Amino acid sequence: MKNVAVIGSGTMGNGIAHVFAQHGLSVSLIDISEEALKKALATIEKNLDRQVEKGVISPETKKASIQRISTTTFMKEGVKNAELVVEAATENIDLKLKIFRELDECTAPGTILASNTSSISITKIASVTKSPDLVIGMHFMNPVPVMKLVEVIRGYNTSDSVTEKIMELSRTLGKTPVEVNDYPGFVANRILMPMINEAIYTLYEGVAGVQEIDTLMKLGMAHPMGPLQLADFIGLDVCLSILNVLHDGFGNPKYAPCPLLVNMVTAGHKGVKSGFGFYQYKPGSKDLVVAERFS
Ligand SMILES: NC(=O)c1ccc[n+]([C@@H]2O[C@H](COP(=O)([O-])OP(=O)(O)OC[C@H]3O[C@@H](n4cnc5c(N)ncnc54)[C@H](O)[C@@H]3O)[C@@H](O)[C@H]2O)c1
């Protein structure tokens with residue numbers, strides 16, 4: 001595989017473009033926003049610089065990687081030479097279905113269509129295309145250049161050969177792919193989100209405070225960050241939407257989102273990205289301070 005396209009240049013899209021380019025693939029990075037594309041290129045450059053400083057890559061690899069990335073706001077133009085398209089646009093089912101309908105029309109026959117969705121059914125996404133055997137989930141983790149895992153999700157109709165190609169490509173990117181089937185939350189979030197939800201319930205019921213809960217899980221279970229801090233990092237709105245997918249998909253009350261989480265998202269307290277969550281985030285400050293409401 002030589003040419004790939006990445007749709008969406010936000011947190012995940014710029015990381016995905018970065019790893020493809022770093023490993024020798026030409027990348028067309030597509031977004032509806034010029035501003036987002038500019039920001040993505042600046043982020044990729046900064047992250048490549050960090051890799052050079054750490055001795056992970058040479059300055060020449062950095063230069064070549066940047067040169068392999070082109071950007072466009074025209075999807076048709078951006079995907080026309082792609083052998084693989086990885087969609088990493090905003091997590092919204094209607095948007096994803098619209099993008100895949102268009103990709104079905106404007107990509108060359110045989111192009112593999114992957115989605116980086118955290119929770120939307122790959123089978124559902126594939127159902128709006130004429131070749132559901134070519135549609136697959138390629139779930140990278142944040143931050144993409146650092147995290148080793150790719151959860152490879154087989155939709156109901158994904159072919160063996162497409163799955164094998166994506167597993168192989170993930171290894172070429174220096175990642176460890178894990179193949180799973182397409183059921184709500186796949187595997188990573190099906191296990192992670194109930195843990196985060198339970199941590200929020202523990203806080204909601206007054207069993208313990210924010211710092212106590214996170215310290216217990218960090219020191220007791222050797223997690224690198226506590227579940228409440230992790231929820232802030234992922235985005236509380238994202239956590240809520242994944243829990244809703246689990247709850248709706250399985251119809252099991254054990255996945256019902258904690259009312260505190262629902263309230264926080266409704267109030268605009270979405271974690272790091274909004275400046276407030278279980279902790280408060282001041283620009284430039286590296287201290288982890290519990291949000292006033294919970295301190
Ligand atoms: N953030 C995470 O930790 C994480 C982890 C794994 C998977 N994901 C998944 O990755 C995907 C992207 O998430 P993100 O956090 O990078 O979101 P983000 O909000 O940072 O970026 C989304 C980008 O998509 C662009 N976009 C919206 N509509 C578009 C369209 N029609 N065509 C092209 N670009 C469009 C937006 O302008 C934005 O730049 C989602 O499906 C999300 O569930 C996110």
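Which residues form a nonpolar patch on the surface? Y156, Y183 and F250 do, in this predicted model.

**View 1. A nonpolar patch lies on the surface.** The patch is formed by Y156, Y183 and F250. Together they have about 390 Å² of accessible area. Y183 sits in a loop. That loop runs between β8 (176–181) and α8 (188–204).

**View 2. The largest nonpolar core has 34 residues.** I16, F20, V27, L29, L84, M138 and F140 touch the most other members. Helix α1 (residues 11–22) supplies the largest share of this core, 6 residues. A second, separate core has 26 residues. Among them are I196, I213, L243 and A291. In soluble globular proteins, nonpolar side chains tend to be buried together.

**View 3. F140 and its contacts.** Neighbours within four places in sequence are left aside here. F140 is then in contact with M12, I16 and V19. Its other contacts are N116, L149, V150 and L173. F140 is also one of the core residues that touch the most other members.

**View 4. Cysteines without disulfides.** A search of the whole structure finds 0 disulfides. C239 is in no disulfide, and the nearest cysteine sulfur, that of C258, is 12 Å away. The cut-off for a disulfide is 2.5 Å between sulfur atoms. C239 is buried, with a relative accessible area of 0%. C106 has 18% relative accessibility, so it also counts as buried, the limit being under 20%.

**View 5. A salt bridge between helices α2 and α3.** The side chains of D49 and K62 meet at 2.9 Å, N to O. D49 lies in helix α2 (residues 34–53) and K62 in helix α3 (residues 59–67), so the pair ties together parts that are 13 residues apart in sequence. D49 is partly exposed, with a relative accessible area of 30%. K62 is buried, at 16%.

**View 6. A salt bridge within helix α5.** K98 pairs with E102, and the closest N and O atoms are 3.5 Å apart. Both residues lie in helix α5 (residues 93–106). They are 4 residues apart, about one turn of the helix. K98 is partly exposed at 47% relative accessibility, and E102 is partly exposed at 35%. Elsewhere, salt bridges that share partners join E45, D49 and K62 into one network.

**View 7. The salt bridge of K80 and E77.** The closest N and O atoms are 2.8 Å apart. K80 is partly exposed, with 44% relative accessibility. E77 is partly exposed as well, at 46%. The structure's count comes to 13 salt bridges.

Key:
Residues numbered from 1 in each chain as written. Predicted model: local features only at pLDDT ≥ 70, side-chain atom pairs only at ≥ 80, totals over all residues. Heavy atoms only, no water. Core = buried A, V, L, I, M, F, W, Y, C linked by side-chain atoms within 4.5 Å. Buried < 20%, exposed > 50% of the residue type's maximum accessible area, 1.4 Å probe, protein only. Helix = DSSP H or I, 4+ residues; strand = E, 2+ residues; numbered from the N terminus. Contact = heavy atoms within 4.5 Å. Patch = residues over 30% accessible without salt bridge, like charges linked within 9 Å, V, L, I, M, F, W, Y side chains within 5 Å. Areas by Shrake-Rupley, 256 points an atom, 1.4 Å probe, with all protein chains shown as cover. Salt bridge = Lys/Arg side-chain N within 4 Å of Asp/Glu carboxyl O.
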